[in-house]
Amino acid sequence: MIDVSELIGDPDFSTTFTRVRAGGAYTNGRWIDATPVLTEHIGIIQPATTEDALNFLPEGERAKTLISIWSISEIRMGNGDDIKSDLINWQGRQYRVIQSRPWHLSGYIKALAVETGAA
Amino acid sequence: MTLDEINDNIRAMVRGLLSLDANYVRPAYQNAPVGAKNEPFATVLIMPVASAGQDYSAFTVDPNNANMLKENIRGTRRLIASINFYRGDAVFMATRLKTLMASSSAIETMQQNGLGYIRASEVRDLTDFVNSLTEARGQIDIEFYAVAGERLSMPTYGRFPIAVDNSDNTQSLEVHEP
């Protein structure tokens, strides 16, 4: 496998973004969000392909902006059990991660994130 | 009492009847992770289903301001608490709850919270396949009455003179606030 992590971090291609990692706990059965942890990361961000939008967004959501993120940092999506999806703040907008593909052997993670509003 | 408060009361009752820990019974549809894969839990969803009889309104003078009226509107509502148990002994837990709802302590607890117990439905086994594995799910509806109330404040009329004229005489009246 070719490790392309050096390319992912190359400033000619990459940009900086903020990863917002949510946490929280149940109190008397009600979920209370903890203060999210914000960390700066670098990666390549591009508009997602139309094919990705068709594959991953439900029909009513397709007008929203979908971005592809390639990064050496961990970006995770919710698993429906005990993890909430990461949020990505980039260029004044916030995006919710809807898929994360672990290309660890090639040195990166590719994620898809859909716009949710202003960061 | 809001639907949220009713949800809190029903959850506390279910926890108490089945001796469950604090976070086992949760409101339904929270934007939150449900917990690790082997962690059983239950959710409570309160659904208003019908009105019973006719709502009525009554007026009283605001004790703090004689120029304001208080309108109290009250009506009886029939509600359903849909209780879903997930994982573990889900169907057994729902079956136990069905039995325990007949206990005097359950009915008393509901009455103390202003809820009139009607009946509990039969238990439904909603066990399903999730991620290629079987997940036990049991569901039961608890039906009850609650009183819906709204209190509105509105200005009443002030004091003002009225003169009534006809060909024979003139009579002056004054209308007073109630």
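**Exercise 1. Work out how many residue pairs are in polar contact between chain B and chain A, and which elements of chain B take part in the interface.**

Solution. Start with the count: chain B and chain A share 12 residue pairs in polar contact, with both partners at pLDDT 80 or more. That confidence filter is there because we're working with a predicted model. Next, look at who supplies the B side: α1 (3-18) and β1 (25-27) of chain B are the elements giving two or more residues to the side that touches chain A. Of these, α1(B) brings the largest share, four residues. Finally, sort that side by residue type: seven nonpolar, four polar and seven charged.

**Exercise 2. Find how many salt bridges cross the interface, and describe the one that A:R30 forms.**

Solution. Running the rule over the interface of chain B and chain A turns up two salt bridges. For A:R30, the partner is B:D4, and the closest N and O atoms sit 3.5 Å apart. The cut-off is 4 Å, so a pair at that distance makes the list.

**Exercise 3. Put a size on the interface.**

Solution. First, the contacts: 18 residues of chain B meet 11 residues of chain A. Then the area. Interface size is often quoted as the accessible area lost when the parts come together. Here about 1,300 Å² is buried between the two chains, and carbon and sulfur atoms give 42% of it. On the chain B side, B:N23, B:Q30 and B:P33 lose the most area to chain A, together 38% of what that side buries.

**Exercise 4. Check whether the span of α1(B) agrees or disagrees with its residue count.**

Solution. Take the 16 residues of α1(B) at 1.5 Å a residue, and you expect 22 Å. The end C-alpha atoms are 22 Å apart, so the two agree. Now see which positions are covered: the buried residues of α1(B) include B:I6, B:I10, B:M13, B:V14 and B:L17. An α-helix has 3.6 residues a turn, so residues three or four places apart point the same way. After the helix comes B:S19, with a positive phi near 55°.

**Exercise 5. Decide whether A:S71 is buried or exposed, and say what its side chain reaches.**

Solution. Locate A:S71 first: it lies in strand β5 (residues 66-71) of chain A. Its relative accessible area is 0%, so A:S71 counts as buried. The side chain of A:S71 reaches the backbone oxygen of A:I42 at 3.0 Å. Leaving out residues up to four places away in sequence, A:S71 touches A:I8, A:F17, A:I42, A:G43, A:Y108 and A:I109.

Technical notes
Residues numbered from 1 in each chain as written. Chains lettered and ligands numbered in written order. Predicted model: local features only at pLDDT ≥ 70, side-chain atom pairs only at ≥ 80, totals over all residues. Heavy atoms only, no water. Buried < 20%, exposed > 50% of the residue type's maximum accessible area, 1.4 Å probe, protein only. Polar contact = N/O pair within 3.5 Å; in protein donor to acceptor, adjacent residues only side chain to side chain. Contact = heavy atoms within 4.5 Å. Buried area = accessible area lost by both parts, 1.4 Å probe. Salt bridge = Lys/Arg side-chain N within 4 Å of Asp/Glu carboxyl O. Nonpolar A, V, L, I, M, F, W, Y, C, P; charged D, E, K, R; others polar. Expected span 1.5 Å × (residues − 1).
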